[in-house]
Amino acid sequence: MKIGIIGSGNMGRALGVRLASLGYEVLFGARRLDQAQAAADVAGAGAQAGDTDAAADFGDVVVWTVRSSDPGEVLSDPTLLDGRIVVDLNNRDYATDVRQGHWFGEAIAERLQEAAPGARVVKALNTIAMETFDTAPETLRAAGAQSFVAGGDQAAKAIVGEILGDLGFEAVDLGEGAAAFRAAEALGDVIRLVMIDGGRGGRAHLGLSVLPEPDLASIGPRAPSNYR
Ligand SMILES: NC(=O)c1ccc[n+]([C@@H]2O[C@H](COP(=O)([O-])OP(=O)(O)OC[C@H]3O[C@@H](n4cnc5c(N)ncnc54)[C@H](OP(=O)(O)O)[C@@H]3O)[C@@H](O)[C@H]2O)c1
């Protein structure tokens, strides 16, 4: 499968390098060609470099690692994203948005989907620190690593789920629509608060646990209620 990386900074480089090591065909795209080439050099494994248009054109799956939700700022032609699965792993700015409590506005993924209606946007990996891609997938799997996913295109989400599985993450589906995109980005805010303000550091991980089934013998069953 061909993966085009839009933006070859920390996340783009780290994720692309790991994907290339797993046998994916990767083209690193950046507005500075030297940056894209440096990432491709780190990856080896036949990884290529080009501009952002080249990455969008190349990928069956395009990984959007630039925070801008305006494809017109990043690509010469936003329709380059038409039909592409676009993995949006962005979070809003920590200092100006998260720590100031500006939560639950329109999500980056929501705006990106509106601006590129032909793209198949899937939110994923935004709760995962870039250093995590240095860890072998089997180690992540054994640790129960998970990535939340959100998006309305079920087939696209399934393909992203397979890629996440190769990387060592179980996909936890948040559903679709604005609520799912906003929830995914809120989780990106939560994990950064835990890592940074909560002092847990970049190895902290946000995942879903399922508790044992209760028999309710001691407290009785749930009664009908108007509250959900
Ligand atoms: N780092 C993490 O651990 C992590 C984890 C989860 C999610 N995220 C999210 O992932 C996103 C990227 O983070 P990062 O750590 O990779 O940041 P980064 O190292 O600063 O990389 C971002 C890259 O985006 C490029 N870029 C920005 N605007 C662009 C534009 N209009 N056109 C083309 N390229 C553009 C920048 O290019 P220039 O260098 O040319 O400016 C830069 O190389 C953020 O939304 C962040 O919240 C990061």
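The fold has one open sheet of eight strands, in the order β3-β2-β1-β4-β5-β6-β7-β8, with mixed pairing. Two strands pair if DSSP finds at least two bridges between them. Strands (E, at least two residues) and helices (H or I, at least four) are DSSP runs, numbered from the N terminus. At the edges stand β3 (48-50) and β8 (170-173), each with a single partner strand, so one side of each has no neighbour in the sheet. From one strand to the next the twist averages 25 degrees.

Before I go on: this is a predicted model, in which local features need pLDDT of at least 70, side-chain atom pairs count only at pLDDT 80 or more, and totals for chains, interfaces and linings use all residues. Residues are numbered from 1 along each chain as its sequence is written.

Inside the sheet, β1 (residues 2-6) pairs with β4 (residues 61-64) in the parallel sense, over four bridges. Ile5 stands opposite Val63 in β4.

Now the helices. α2 lies across β2 (25-29) and β3, and runs at about 170 degrees to β3. Angles run from 0 to 180 degrees between N-to-C directions, and axes are lines fitted to C-alpha atoms, for helices over the stretch in contact. Contact means that C-beta atoms, placed from the backbone, lie within 7 Å. Helix α9 (residues 177-197) also packs on the sheet, touching β6 (120-124) and β7 (146-150), at about 150 degrees to the direction of β7.

How do α1 and α2 meet? The axes of α1 (residues 10-21) and α2 (residues 33-43) come within 9 Å and cross at roughly 35 degrees. The α1 side of the contact consists of Gly12, Arg13, Gly16, Val17 and Ala20, and the α2 side of Ala39, Val42 and Ala43.

How values were computed:
Contact = placed C-beta atoms within 7 Å.
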